[in-house]
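Let's walk through this model together, one region at a time. Keep the viewer open and follow along.

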Amino acid sequence: MAKEKVILDMDPGHDDAVAMMMAASHPSLEIKAITVVAGNQTLEKTVRNALNVASVLNLKGVPIAAGMSRPMVREQVIADDIHGETGLDGPVFEEHDLQRDPRHGVDLIIETLLASDGDVSILPTGPLTNVAMAMRKDPRIVSKIKRIVLMGGSYQLGNVTPAAEFNIYADPEAAHVVFSSGVPIVMMGLDLTRQVRCTRQVIDRMGAIGNRVSKLFVDLMEFFSKTQEEVFGWDAPPLHDPTTVAYVIDPSIFVTKPMRVDVELRGDHTYGRTCCDYFGVTKREPNAEVATTLDLDRFWDLLEDCLRRYS
Ligand code: BDR
Ligand code: CA
């Protein structure tokens with residue numbers, strides 16, 4: 001069977017790292033590029049984190065490039081309360097010689113898409129700055145993107161404000177560019193990812209695999225569990241970003257609903273909210289398939305399967 005070609009666009013980040021683990025191991029995916037954006041931490045830190053994780057995964061031959069260091073319009077926000085000073089606090093990484101690709105992340109997205117047959121999906125798990133900039137820099141790419149499967153937004157409650165989810169809030173103008181682009185979008189919002197709670201039982205189950213990647217998973221989740229409890233009071237953290245990869249591997253795990261999604265760019269209290277027309281009251285054409293529920297057992301089985309593939 002032909003592999004699903006993907007660009008991972010991320011801001012690692014604990015849950016981004018797990019998304020990378022799944023994508024790099026599963027035989028049905030081919031990672032064409034990893035582009036990094038500022039988000040959970042500043043760009044220098046998220047790039048370092050991406051290279052550190054890729055090195056543990058032994059991910060060779062995939063270009064990893066630094067993209068945008070700032071949002072398009074708004075002032076920068078980071079999520080150090082959740083991901084720590086490095087953006088990936090918890091694990092200790094060994095020295096390695098993996099280098100970043102010299103190209104700018106935005107150019108790498110453009111080059112990868114223009115060289116493709118229109119069969120590459122983008123999986124953004126951070127702010128949408130890189131993807132939106134690529135669309136603006138070379139609009140020819142828009143029709144070349146097979147689809148965008150992103151983690152971001154919410155049709156109910158936010159996390160960084162009562163109304164907004166972090167990835168959208170960190171660059172609402174970029175999110176607006178992406179959601180109004182006409183590219184088919186699948187949205188893994190907080191409504192879905194808050195159902196994916198990484199309990200102690202899950203951490204122990206993955207830890208029992210006993211390879212270097214499952215160890216990294218455990219180290220990441222121990223830290224992530226602590227901050228998610230401190231900030232939100234969760235007894236087990238929502239594992240947001242890997243849902244994008246799981247969807248591309250096996251969409252039948254998820255239930256989605258077509259909705260019109262618009263990004264709020266003006267509200268005093270709602271800046272960065274994804275306004276999702278759940279009931280279709282506006283009668284406007286949906287621009288996204290928004291995930292509503294999933295088969296959690298199958299999701300954890302898939303994660304375990306991915307982690308077991310490492311030696
Ligand atoms: C999103 O924000 C980040 O902190 C996580 O990595 C995830 O992509 C959840 O709101
Ligand atoms: Ca992320």
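**Rings first, then the metal and the cores**

Start with a cluster of aromatic rings: Tyr155, Tyr278 and Phe279 are linked by ring pairs. Keep in mind that this is a predicted model. Across the structure, the count of aromatic pairs comes to five. One of them joins Tyr155 and Tyr278, whose ring centres are 5.2 Å apart with 45° between the planes, a tilted arrangement. This pair ties together distant parts of the chain, with the two positions 123 residues apart. Tyr155 sits in the loop between strand S5 (145-151) and helix H6 (166-169), while Tyr278 is in the loop between strand S9 (274-276) and strand S10 (288-294).

Are the two partners buried or exposed? Tyr155 counts as buried, because its relative accessible area is 17% and the cut-off for buried is under 20%. Tyr278, at 29%, is partly exposed. Tyr278 also has a charged neighbour: Lys257 lies over the face of its ring, 4.8 Å from the ring centre. You'll find another such arrangement at Tyr169, where Arg74 lies over the ring face at 4.4 Å from the centre.

Another tilted aromatic pair is made by Tyr247 and Phe254, with 5.8 Å from centre to centre and 55° between the planes. Both Tyr247 and Phe254 are buried.

Now for the metal. Which residues hold the calcium ion (ligand 2)? Its protein donors are Asp11, Asp16, Thr125 and Asp241, at 2.2 to 2.6 Å from the ion. The aspartates donate through OD atoms, with Asp16 listed twice, and Thr125 uses its O atom. Along the sequence, the donor residues follow the spacing D-x4-D-x108-T-x115-D. Thr125 and Asp241 come from distant parts of the chain, 116 residues apart. Look for Thr125 in the loop between strand S4 (120-124) and helix H5 (129-137), and for Asp241 in the loop between helix H10 (212-232) and helix H11 (242-249). Thr125 counts as buried because its relative accessibility is 2%. Asp241 is buried too, with a relative accessible area of 2%.

From the Thr125 loop, step into H5. Its buried residues are Thr129, Asn130, Val131, Ala132, Ala134 and Met135. The elements covering them include strand S1 (4-10), strand S2 (29-36), helix H4 (105-114), S4, S5 and helix H7 (172-179). H4 itself is mostly covered, with seven of its 10 residues buried. Those are Gly105, Val106, Leu108, Ile109, Ile110, Thr112 and Leu113. Among the elements that cover them are S1, S2, strand S3 (64-66), S4, H5 and S5.

Next, the nonpolar interior. The largest nonpolar core has 64 residues, and Met20, Met21, Ile34 and Phe217 touch the most other members. Helix H2 (residues 43-57) gives the largest share, eight residues. Click on Met20 to see how sequence-distant pieces meet: beyond its neighbours within four places, Met20 contacts Leu8, Met10, Ile34, Ala50, Val53, Ala54, Leu57, Leu59 and Tyr310. Apart from this core there is another one, of 37 residues, including Ala33, Met187, Met259 and Cys276.

Go back to H10 for a polar residue that is tucked away. Gln228 lies in this helix, and it counts as buried because its relative accessibility is 3%. Leaving out residues up to four places away in sequence, Gln228 touches Ile82, Gly233, Trp234, Pro237, Pro238 and His240. Some of those names come up again around Arg197, which you'll find in the loop between helix H8 (190-193) and helix H9 (200-207). Beyond its neighbours within four places in sequence, Arg197 is in contact with Val202, Trp234, Asp235, Ala236, Pro237, Pro238 and Trp300. For a sense of distance, the C-alpha atoms of Arg197 and Val36 are separated by 25 Å, with the two residues 161 apart along the chain.

Finally, zoom out. An unreviewed UniProt entry places the feature "domain: Inosine/uridine-preferring nucleoside hydrolase" at residues 6-301. Over that stretch the chain is 37% helix and 17% strand, and the C-alpha atoms at its ends are 22 Å apart.

Conventions
Residues are numbered from 1 along each chain as its sequence is written. Chains are lettered from A and ligands numbered from 1 in the order in which they are written. This is a predicted model: local features need pLDDT of at least 70, side-chain atom pairs count only at pLDDT 80 or more; totals for chains, interfaces and linings use all residues. Side-chain values use heavy atoms; hydrogens and water are left out. Donors are N, O and S atoms within 2.8 Å of the metal (3.2 Å for Na, K and Ca); water is not among the atoms, so sites may look incomplete. Helices (H or I, at least four residues) and strands (E, at least two) are DSSP runs, numbered from the N terminus. Buried means under 20% relative accessible area, exposed over 50%, partly exposed in between (1.4 Å probe, protein chains only). UniProt positions are given in the numbering used here, feature names are shortened, and annotations may be inferred rather than shown by experiment. A nonpolar core is a set of buried Ala, Val, Leu, Ile, Met, Phe, Trp, Tyr and Cys residues joined through side-chain atoms within 4.5 Å. Contact means heavy atoms within 4.5 Å. Rings of Phe, Tyr and Trp (its six-membered ring) pair if their centres lie within 6.5 Å; planes under 30 degrees apart count as stacked, over 60 as edge-to-face and the rest as tilted. A charge sits over a ring if NZ of Lys or CZ of Arg is within 6 Å of the ring centre and within 35 degrees of the ring normal.
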